[in-house]
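Trainee: I have a model open and would like to go through it with you. May I ask questions as they come up?
Mentor: Please do.

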Amino acid sequence: MLKRIYFFSIGLTIALLLSACTANQTPLAIDRESAVPGTQVSRQGKTFALTGTGIEVGQKLPDTSLVDAATMKEVNLNDYQGSILFLSIVPSLDTKVCEAQTHYLGDQGDKLPPTVKRITISRDTPFAQARFAKEAKLEDIQYLSDYKDGAFGRSIGLLVESSRLLARSVILVDRQGIIQYIQVVPDISHLPDMENAFSKASALANLP
């Protein structure tokens with residue numbers, strides 16, 4: 001009996017400690033501003049150049065191929081005209097901030113109209129993306145990989161020159177394939193303003 005009480009007390013103490021640690025975790029910062037594609041981003045005060053041709057609102061996405069993690073087939077985003085594209089671009093899914101951004105898109109993105117197609121793009125391999133989707137239970141998002149040579153990242157000015165990863169960003173594309181919104185997170189350790197992007201995506205979906 002005493003042994004049971006002892007182990008119960010130990011278990012309760014551990015649970016309380018874990019609860020306290022969770023409660024005291026610092027929430028991730030959210031950036032409201034945007035860097036310009038093709039210029040630079042930063043992390044903890046250190047700057048990183050973005051290579052490639054910077055895209056702008058009002059342009060079409062360049063024709064480049066990405067690989068669908070679910071089918072391993074090549075995908076050109078310009079073939080998706082007729083849908084609103086919510087492109088959530090992350091450096092690597094196996095990092096805390098990228099995971100949080102993708103969970104936000106998956107968990108909160110259900111409130112978006114059905115005409116909004118939610119897509120996560122990274123330079124992770126398609127196999128790593130598929131594993132992440134299954135483990136995180138976020139298989140209602142499409143995952144596209146730019147793993148081969150970073151052609152997509154270069155074509156829009158979001159390939160980080162030093163790491164060869166993609167800069168954290170959100171891009172919205174309308175039904176005609178025209179870019180209507182871009183946020184390149186100035187500090188890549190911060191989250192993008194997902195709620196603002198959700199609002200703008202909903203507004204695009206409600207246009208005739």
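Trainee: Which residue forms a salt bridge with D94?
Mentor: In this predicted model, the partner of D94 is R131, and their closest N and O atoms are 2.9 Å apart.

Trainee: Where do the two sit in the chain?
Mentor: D94 lies in the loop between strand 5 and helix 2, while R131 belongs to helix 3, residues 126-136. The pair links distant parts of the chain, 37 residues apart.

Trainee: Which other side chain meets R131 in a salt bridge?
Mentor: E135 does, with an N to O distance of 3.3 Å. E135 and R131 are 4 residues apart in helix 3, so about one helical turn separates them. As a general point, an α-helix has 3.6 residues a turn, so residues three or four places apart point the same way.

Trainee: What do the shared partners make of these residues?
Mentor: D94, R131 and E135 are joined into one network by salt bridges that share partners.

Trainee: How exposed are R131 and E135?
Mentor: R131 has a relative accessible area of 32%, so this residue counts as partly exposed. E135 reaches 57% and is exposed.

Trainee: How many salt bridges are there by this rule?
Mentor: The count comes to 7. Another one of them joins E74 to K148, with the closest N and O atoms 3.0 Å apart. That pair also links distant parts of the chain: E74 is in strand 4 (residues 74-75), and K148 is in the loop between strand 7 (142-145) and helix 4 (151-156), 74 residues apart.

Trainee: Are E74 and K148 buried or exposed?
Mentor: E74 has a relative accessibility of 52% and therefore counts as exposed. K148, at 53%, counts as exposed too. The cut-off for exposed is over 50%.

Trainee: Changing topic to the sheet. What is the order of its strands?
Mentor: The open sheet has 3 strands in the order 1-2-8, with antiparallel pairing. Strand 1 (40-43) and strand 8 (159-160) stand at the edges with a single partner strand each, so one side of each has no neighbour in the sheet.

Trainee: How many bridges join strand 1 to strand 2?
Mentor: There are 4, and strand 2 covers residues 46-51. Within this pairing, V41 has F48 as its bridge partner, S42 stands opposite T47, and R43 stands opposite K46.

Trainee: What connects those two strands?
Mentor: They form a hairpin with 2 residues between them, and Q44 in the turn has a positive phi of about 50°.

Trainee: And how many bridges join strand 2 to strand 8?
Mentor: The number is 2, and these strands run antiparallel. There, L50 stands opposite V160 in strand 8.

Trainee: On to helix 5. What is its reach, and what would be expected?
Mentor: Helix 5 spans residues 194-205, which is 12 residues, and reaches 16 Å from its first C-alpha to its last; this is close to the 16 Å expected at 1.5 Å a residue.

Trainee: Which of its residues are buried?
Mentor: In helix 5, the buried residues are M194, A197, F198, A201, L204 and A205. Seen down the axis of helix 5, they fall within an arc of 125°, so they line one face of the helix.

Trainee: What covers them?
Mentor: The cover includes strand 5 (84-89), helix 2 (96-108), strand 6 (116-122), strand 9 (169-173) and strand 10 (179-184).

Trainee: Finally, the overall picture. How many helices and strands are there in the protein?
Mentor: The protein has 5 helices and 10 strands. Of its 208 residues, 46% count as buried. Among contacts with a separation of 6 or more, 68% come from residues 24 or more positions apart.

Trainee: What about the surface: which atoms supply 55% of the exposed area?
Mentor: Carbon and sulfur atoms supply that share, and the protein exposes about 11,000 Å².

How values were computed:
Residues are numbered from 1 along each chain as its sequence is written. This is a predicted model: local features need pLDDT of at least 70, side-chain atom pairs count only at pLDDT 80 or more; totals for chains, interfaces and linings use all residues. Side-chain values use heavy atoms; hydrogens and water are left out. Buried means under 20% relative accessible area, exposed over 50%, partly exposed in between (1.4 Å probe, protein chains only). Contact means heavy atoms within 4.5 Å. Accessible areas come from the Shrake-Rupley method with a 1.4 Å probe; for residues, only the protein chains shown count as cover. Two strands pair if DSSP finds at least two bridges between them. The expected span of a helix is 1.5 Å times one less than its number of residues. The arc is that of the directions from the helix axis to the C-beta atoms. A salt bridge is a side-chain nitrogen of Lys or Arg within 4 Å of a carboxyl oxygen of Asp or Glu.
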